[in-house]
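Here is a structure, followed by some questions about the terms used to describe it and the values behind them.

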Amino acid sequence: MNEIDLRRFDLNLLVVFDVLMVERSVTRAAERLGRTQSAISHSLSRLRSQFGDPLLVKGGVRMQPTAFALDLIEQARPMLSGIQRALSPTQVFDPADSQRVFRLAVPDFALALFAELLARVRKEAPLVSVEWTTPRAPTLLDVAEGQVDLAIVPSELQWPQSVAGEAIGALGWRCFGRRDHPAFSEWGPANWARWPHLAVRIGDNVRSPVNVAAAAVGLTRTIAGWVPHFPAIAPILARSDLLATLPSAAMADVIDAYDLASTEVPFAIAPLPHAMVWCSGRSRDPGMIWLRDRLRPIARRTFAV
């Protein structure tokens with residue numbers, strides 16, 4: 001890809017690209033934008049040249065995006081939304097009429113949290129949309145840059161100066177396995193260490209509180225498998241002899257559905273504090289205040305030890 005000089009890059013091309021990614025058709029994109037097909041084709045050609053990638057290729061009735069195009073639109077849409085917010089009057093927020101799109105970064109086990117928040121938002125602001133993403137390594141930078149409106153992250157992370165936040169509670173810990181797991185018949189530190197475990201790979205920025213606490217009492221665990229997200233845990237535990245030591249909230253909605261058992265961790269693990277964070281430059285944004293007020297009580301119930 002050619003190096004991009006932002007001083008010369010036409011941001012209108014990203015607007016065209018966004019519509020093309022939705023419509024997957026030059027003809028329909030031209031109709032939606034009120035421009036000619038040749039103008040849209042020219043814009044697509046410029047984008048291809050700029051990024052060194054075909055972006056959209058013919059594939060049946062609709063054009064198909066390349067892997068690069070899918071990654072680009074994921075990065076571009078929050079930026080376009082941020083620019084639109086910056087250029088639009090935001091000091092008035094009427095939930096009943098607003099068509100604003102809020103972007104949240106919340107752990108992927110918080111299904112009940114998101115469902116409750118979405119139900120409340122729909123009741124008070126039927127035209128508002130909420131996009132749920134999961135936290136990742138650069139989430140705090142996304143918050144600082146306004147690409148994510150609100151995030152729930154471990155409090156121990158180092159916040160950029162332009163990020164503000166508040167404590168919402170902490171996650172307590174439990175051990176999980178299938179209901180008839182033999183480890184639970186004589187449960188204790190020895191059985192915890194003896195049986196292999198399943199764990200979630202959450203990145204390298206947060207030390208595993210489980211490993212830290214286990215090491216403090218002279219225990220280690222064998223990790224038989226890693227999964228990329230919490231929803232993968234329950235079905236694997238239900239079909240194996242693996243154990244998992246997780247925040248209790250991570251399994252609250254699935255433990256009965258998968259006929260799992262839960263028991264206390266046989267040693268002390270400090271609760272994992274979490275915070276709700278946002279861009280400090282938008283602390284007085286009425287829409288952000290409205291959303292924080294609705295997320296706060298739900299988050300505090302979810303992250304109650």
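Q: Which residue in β4 is the bridge partner of F102?
A: In this predicted model, the bridge partner of F102 in β4 is V130.

Q: What makes β3 and β4 a pair of strands?
A: Two strands pair if at least two bridges are found between them; strand β3, residues 101–105, and β4 are joined over 5 bridges in the parallel sense, and therefore they count as paired.

Q: Why are β4 and β6 called edge strands?
A: The open sheet has 5 strands in the order β4-β3-β5-β12-β6, with mixed pairing. Strands β4 (129–133) and β6 (163–171) each pair on one side only, and neighbouring strands of this sheet are turned by 20° against each other on average, with direction ignored.

Q: How do you know that helix α5 packs on the sheet?
A: Contact means heavy atoms within 4.5 Å, and helix α5, residues 111–124, touches β3, β4 and β5 (150–154), while its direction makes about 170° with that of β4.

Q: Why can I233 be described as part of a nonpolar core?
A: Such a core is made of buried residues of nonpolar types, Ile among them, joined through side-chain atoms within 4.5 Å; I233 is listed, with L113, L237 and M251, among the residues with the most contacts inside the largest core, which has 55 residues, and therefore I233 is one of its buried members. The largest share of this core, 6 residues, comes from helix α10 (residues 286–302). Leaving aside residues up to four places away in sequence, I233 touches L198, V200, V227, A244, L246 and M251.

Key:
Residues are numbered from 1 along each chain as its sequence is written. This is a predicted model: local features need pLDDT of at least 70, side-chain atom pairs count only at pLDDT 80 or more; totals for chains, interfaces and linings use all residues. Side-chain values use heavy atoms; hydrogens and water are left out. Buried means under 20% relative accessible area, exposed over 50%, partly exposed in between (1.4 Å probe, protein chains only). Helices (H or I, at least four residues) and strands (E, at least two) are DSSP runs, numbered from the N terminus. Axes are lines fitted to C-alpha atoms, for helices over the stretch in contact, and angles run from 0 to 180 degrees between N-to-C directions.
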